[in-house]
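Trainee: I should like to practise reading a protein structure through a series of questions. May we work through one together?

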Amino acid sequence: MHTQTSLDEFAQHLNDVFRLFGPISLHRMFSGYGIYHDGIMFGLISQDTLYLKADAENSAAFRDQGLSQFEYVRQGKIIGLSYYQAPEIVLEDANEAALWARRSFEAALRANASKAKSARSQHRHET
């Protein structure tokens, strides 16, 4: 479990990791942290593991490397979220980190656009 000091250190480290991508912020959530850029969550940290957002357009890149999907147990069922473990190279190479972060940020933007479109459609049907 992270203390505030270790979180600050990890956040600083991730700011360095993603420096070529742009500024990030961490926000506490459940047993981990969400990683945001421009107010959009594109990654998360759980049990000291970095996960990045995935969708139909970029999830194959994670699976091709044998990276696991973020999962948790709720009411005895395993729930998988659209986040995959980040490849080790992300923590070692700023260019790779920027590439993977950009792809995950774009996946998050697509997901948000899809949610907004769905909400607008739902609103039209209710009025």
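The questions below concern a predicted model.

Trainee: Which residues of the largest nonpolar core touch the most other members?
Mentor: In soluble globular proteins, nonpolar side chains tend to be buried together. In this model the largest nonpolar core holds 27 residues. The members that touch the most others are L14, F18, F42 and L50.

Trainee: Which element gives the most residues to this core?
Mentor: Elements that each supply at least two residues are α1 (4-17), β2, β3, β4 and α4. With 6 residues, the element that gives the most is α4.

Trainee: Which residues does L50 touch, apart from those up to four places away in sequence?
Mentor: L50 belongs to the largest nonpolar core. With residues up to four places away in sequence set aside, its partners include Y84, Q85 and A86. The others that L50 touches are L14, F18, I35, L44, I45, V90 and L91.

Trainee: Is A101 buried or exposed?
Mentor: A101 has its place in helix α4, residues 94-126. Beyond its neighbours within four places in sequence, A101 is in contact with F18, F21 and F42. Its relative accessibility is 0%, and a residue under 20% is classed as buried. A101 is therefore buried.

Trainee: What distance separates the C-alpha atoms of A101 and L20?
Mentor: Along the chain, A101 and L20 are 81 residues apart. In space, their C-alpha atoms are separated by 9.6 Å.

Trainee: How many aromatic pairs does a search of the whole structure find, and of what kind is the pair of F21 and F105?
Mentor: The search finds 7 aromatic pairs. In the pair of F21 and F105, the ring centres are 5.8 Å apart and the planes stand at 65°. Planes over 60 degrees apart count as edge-to-face, so the pair of F21 and F105 is edge-to-face.

Trainee: Which parts does the pair of F21 and F105 tie together?
Mentor: The two residues are 84 residues apart in sequence. F21 is buried at 13% relative accessible area, and F105 is buried at 12%. Because of where each residue lies, the pair ties together the loop between α1 and β1 (25-29) and helix α4.

Trainee: Which residues is H37 in contact with, leaving aside neighbours within four places in sequence?
Mentor: H37 lies in strand β2 and is buried, with a relative accessible area of 8%. F21, F42 and F105, which form one aromatic cluster together with F18, are among its contacts. The full list for H37 is F21, G22, P23, F42 and F105.

Trainee: Which element gives the largest share of the lining of the largest pocket?
Mentor: The largest pocket has a volume of about 280 Å³. Of its 14 lining residues, M29, F30, F70, Y72 and L81 are the closest to its centre. By class, the lining has 10 nonpolar, 4 polar and no charged residues. The largest share, 4 residues, comes from β3.

Trainee: Where is Q47 found, and what is its phi?
Mentor: Most residues other than glycine have a negative phi, and most peptide bonds are trans. Q47 is found in the loop between β3 and β4 (49-53) and counts as exposed at 72% relative accessibility. Its phi is positive, near 50°.

Trainee: What is the phi of D48?
Mentor: D48 is also found in the loop between β3 and β4. D48 is exposed, with a relative accessible area of 57%. Its phi is positive as well, near 60°.

Key:
Residues numbered from 1 in each chain as written. Predicted model: local features only at pLDDT ≥ 70, side-chain atom pairs only at ≥ 80, totals over all residues. Heavy atoms only, no water. 1 Å grid on protein atoms, 1.4 Å probe; cavity = no way out; pocket = protein on both sides within 12 Å on 5 of 7 lines; lining within 4 Å. Points joined across faces, edges and corners; volume = space filled by probe spheres on them. Nonpolar A, V, L, I, M, F, W, Y, C, P; charged D, E, K, R; others polar. Buried < 20%, exposed > 50% of the residue type's maximum accessible area, 1.4 Å probe, protein only. Contact = heavy atoms within 4.5 Å. Core = buried A, V, L, I, M, F, W, Y, C linked by side-chain atoms within 4.5 Å. Phe/Tyr/Trp six-rings, centres within 6.5 Å; stacked < 30°, edge-to-face > 60°.
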